[in-house]
Amino acid sequence: MKLHHPLPSLIYYIRMEAVQAQKYLLKYRLFMIKAILIDDEVHCLNSLSILLNDYCPNVQVMERCMSAKQGLMAIGKHNPSLVFLDIEMPVMNGFELLEQFTDILFSIIFTTSYDQYAIKAIRFSALDYLL
């Protein structure tokens, strides 16, 4: 009679529990990063939304804004921990939006096709700068 060692069964059980816990966290959006997307170009908002959805399931997009003014209102409404921000926008650019805040209580990832703004972005303590 061959005795079965309980360790492989225990490892399998722990892995299955971890998978179930991860599904639960994603399902109920626990430990989610609340984000706002601000860009005046719809195709950029769409692309970023798709990438975040596919590769960053813990990022919850609270609102997509097509102007800095809409972005200001969305930030006030949702209090995000992360803002994806375009720089070049009509009426008010991304830097002018940030100047509206006395304290910036969220992380910023600049999303722009202009590399000449990188140094200025660093001054705003940018988390990242996506070209």
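**Close-ups of a predicted model**

**View 1. Helix α3 and its buried side.** In helix α3 (residues 68-78), the residues tucked away from solvent as buried are Ala68, Gly71, Ala74, Ile75 and His78. They sit on the same side of α3 because they cover an arc of only 115° around the axis. Keep in mind while looking that this is a predicted model. Turn to the face of α3 that points away from the buried side, and you meet the exposed residues Lys69, Met73, Gly76 and Lys77.

**View 2. What α3 packs against.** Which elements do the buried residues of α3 pack against? Three strands are on the list, β1 (33-38), β2 (59-65) and β3 (82-85), along with the helix α4 (94-98). Right after α3 comes Asn79, and its phi is positive, near 50°.

**View 3. A tilted pair, Phe95 with Phe110.** Searching the whole structure turns up two aromatic pairs. One of them is Phe95 with Phe110, a tilted pair at 5.4 Å centre to centre with 45° between the planes. This pair ties together distant parts of the chain: Phe95 belongs to helix α4 and Phe110 to strand β4 (residues 107-111), 15 residues apart. Are these two rings buried or exposed? Phe95 has 2% relative accessibility, so it counts as buried. Phe110 is buried too, with a relative accessible area of 0%.

**View 4. An edge-to-face pair, Phe101 with Phe106.** Here Phe101 and Phe106 make an edge-to-face aromatic pair, with 5.4 Å centre to centre and 80° between the planes. Phe101 counts as partly exposed because its relative accessibility is 22%, and buried means under 20%. Phe106, at 11% relative accessibility, counts as buried.

**View 5. The largest nonpolar core.** How many residues does the largest nonpolar core have? It has 17, and the ones with the most contacts inside it are Ile38, Val83, Leu85, Leu97, Leu98 and Phe110. At least two residues of this core come from each of β1, α3, β3, α4 and β4. As background, nonpolar side chains in soluble globular proteins tend to be buried together.

**View 6. Leu97 and its neighbours.** Leave out residues up to four places away in sequence, and Leu97 touches Ile38, Ala68, Gly71, Leu72, Ile75, Leu85 and Met92. Of these, Ala68, Gly71 and Ile75 are among the buried residues of α3.

**View 7. A second core.** Separate from the largest core, there is another one of nine residues. Ala35, Leu45, Leu48 and Ile109 are among them.

Technical notes: Residues numbered from 1 in each chain as written. Predicted model: local features only at pLDDT ≥ 70, side-chain atom pairs only at ≥ 80, totals over all residues. Heavy atoms only, no water. Buried < 20%, exposed > 50% of the residue type's maximum accessible area, 1.4 Å probe, protein only. Helix = DSSP H or I, 4+ residues; strand = E, 2+ residues; numbered from the N terminus. Arc of directions from axis to C-beta. Contact = heavy atoms within 4.5 Å. Phe/Tyr/Trp six-rings, centres within 6.5 Å; stacked < 30°, edge-to-face > 60°. Core = buried A, V, L, I, M, F, W, Y, C linked by side-chain atoms within 4.5 Å.
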